[in-house]
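Hi,

Here is the structure I said I would pass on. Have a look at it first, and my notes follow underneath.

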Amino acid sequence: MRYVSTRQGSEAVTASQAIIRGIAPDGGLYVPETVPAVDEAFIRALCAMDYRGRATAVLGLYLEEFSQEELAGIAAASYSDNFDCAAVAPLHALDGDTAVLELWHGPTCAFKDMALQIMPRLLTASLRKNGEERTVSILVATSGDTGKAALEGFKDVPGTRIMVFYPKDGVSQVQKLQMATQEGNNVNVVAVEGNFDDAQTGVKMIFADRDFARTLDGRGYFLSSANSINWGRLAPQIAYYFSAYCDQVNAGRIGMGEKIDFCVPTGNFGDILAGWYAKRMGLPVGRLICASNDNNVLTDFIATGVYDKNRPFHLTSSPSMDILVSSNLERLLYCLCGSGETVRGFMEKLAREGRYDVGDALRAAVQAEFVGGFCTDGECGGEIGRLWREHGYLADTHTAVASRVLRDLREKEGTARPCVVLSTASPFKFGAAVLKALGAVTNETGPALVDELAAFTGVGAPKPLTGLGEKPVRFEKWVPKADMEQAVSAFLS
Ligand SMILES: *Cc1c(COP(=O)(O)O)cnc(C)c1O
């Protein structure tokens, strides 16, 4: 299977080359030329497997250069006791129609671990397959969770270095501390003056700078990405949609072949796009509900076909969704319209005017599979309280956004179709907002809130988040966005 750029200005490459490059030379994102199809027998077989087996089977369809044994070994190493539960991605039933898929049992307590525990292994195997001898240098722009998950995934991986940029005032204290205390000899963390889009744009500009690439090449380095624009991030995420479906079947909550919806708290559109791939492959998915916070650019896009980022940027209590440019949407548009030229036109308009209109046909194609909705910070807090009171379920802010959007949709439609809500972070990562939503009064800040939330609810905090306050801070530097490239150059000197 070959991978092509969404802007069709670059040659097709193999999966391993797509993973090494991260982004296509024409600025587009790599997508598989065709989506592999599966039948019911495939899903039935997955039902009998554990998470590792399911991931191996799904990834094998996309990564043909990897043997099943090789992938099985990689999956076994990636999804083992680095996760705090054997199911890796367990389902928690809330009521007859609603289950929560918990994707935060990995080492950094956010769903990014699902991809970033395995992606470095896929990348280093890809480097070997292509005879690459230079050191790959991962650049990451993070709205909070990706950075830590990428650092954990790549720390001390031979042949790699990793540098993470995060918006100085756009992440929670726990997120900041998780990154600032990162261990490992090949890592660096720098704050950027600006918001997430500034950091992401800065990283994209560094990738696009050919002179800088030549300079780094002379030093024995090349740049790649661990952001969700990398296919190596996206592919592993497809597996948990299959896994959730199988768990629902195994629990007798749905019959084999019955359709379920997925409701996904969305930022960069990577998580929900993985669900779309699962659906395209043949998983019985009804529709994909795209849940946003006050930064509701995707809600408007799905409703109108107009993507317009010219709007105020809101800092919310669900910071990993504080995004106005959802990079992976480009992949969906390409797959739905099939024209790289058209997509290039949209992206050029986005860069120039901050807005593009996909027209009626493409809008209808999006609406055939996606529903959008958003909720405010106040509504999100209310939902955390309701989930706790009515279900005894402790949810983080991102999960609560999705839960609330689903509830609004069901109310509007007057029906409750079976739905799995993706839970993307541990509530302990966002202790301040969660405690406030539960009505707790506290004078604590930062990492002390982890213990505070545990004491208030009686729910045990995940190990990686306890004792964060005692770890030594290694990275305190911040730069204006114009100096990001210089910071990379200094790190890779
Ligand atoms: C990254 C993240 C999201 C958004 O996922 P995308 O793939 O960017 O849409 C939602 N919730 C949490 C907790 C995240 O870390």
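Of the contacts in the protein with a separation of 6 or more, 76% are between residues 24 or more positions apart. Bear in mind that this is a predicted model.

On the overall build: the protein has 21 helices and 15 strands. Its radius of gyration comes out at 21 Å, close to the 23 Å that the globule rule gives for 493 residues, so the protein is as compact as a globular protein of that length. Along the principal axes, the C-alpha atoms fill a box of roughly 60 × 50 × 50 Å. As for burial, 60% of the 493 residues are buried.

Now the inside. The largest nonpolar core has 110 residues, and Leu-63, Phe-242, Phe-262 and Leu-333 are the ones with the most contacts inside it. Helix H11, residues 231-250, gives the most to this core, with 12 residues. There is also a second, separate core of 31 residues, which includes Cys-109, Val-174, Cys-263 and Cys-380.

If you want a place to start in the largest core, try Leu-63. Setting aside neighbours within four places in sequence, Leu-63 is in contact with Tyr-3, Ala-15, Ile-19, Leu-71 and Leu-122.

Then there is the empty space. How many cavities of 30 Å³ or more does a search of the whole structure find? The search finds four, and the largest cavity has a volume of about 260 Å³. Its lining is made up of 24 residues, with Phe-111, Lys-112, Gly-267, Asn-268 and Ser-320 lying nearest the centre. Helix H7 (145-154), H11 and helix H12 (270-281) are the elements that give two or more residues to that lining. So H11 turns up twice: this helix gives the most to the largest core, and H11 also helps line the largest cavity. By residue type, the lining of the largest cavity divides into seven nonpolar, 13 polar and four charged.

One more residue to click on is Ser-292, which sits in strand S10 (residues 285-292). Is Ser-292 buried or exposed? With a relative accessible area of 1%, Ser-292 counts as buried, because the cut-off for that is under 20%. Again leaving out neighbours within four places in sequence, the contacts of Ser-292 are Leu-298, Thr-299, Met-321, Gly-373, Phe-374, Cys-375, Val-401 and Val-405.

Cheers

Note on methods:
Residues are numbered from 1 along each chain as its sequence is written. This is a predicted model: local features need pLDDT of at least 70, side-chain atom pairs count only at pLDDT 80 or more; totals for chains, interfaces and linings use all residues. Side-chain values use heavy atoms; hydrogens and water are left out. A nonpolar core is a set of buried Ala, Val, Leu, Ile, Met, Phe, Trp, Tyr and Cys residues joined through side-chain atoms within 4.5 Å. Buried means under 20% relative accessible area, exposed over 50%, partly exposed in between (1.4 Å probe, protein chains only). Helices (H or I, at least four residues) and strands (E, at least two) are DSSP runs, numbered from the N terminus. Contact means heavy atoms within 4.5 Å. On a 1 Å grid over the protein atoms alone, a cavity is a set of points where a 1.4 Å probe fits but cannot get out, and a pocket is an open set with protein on both sides within 12 Å along at least five of seven lines; lining residues have an atom within 4 Å of a point. Grid points are joined across faces, edges and corners, and a volume is the space filled by probe spheres set on the points. Ala, Val, Leu, Ile, Met, Phe, Trp, Tyr, Cys and Pro count as nonpolar, Asp, Glu, Lys and Arg as charged, and the others, Gly among them, as polar. The radius of gyration is taken over C-alpha atoms; the globule rule is 2.2 Å times the number of residues to the power 0.38.
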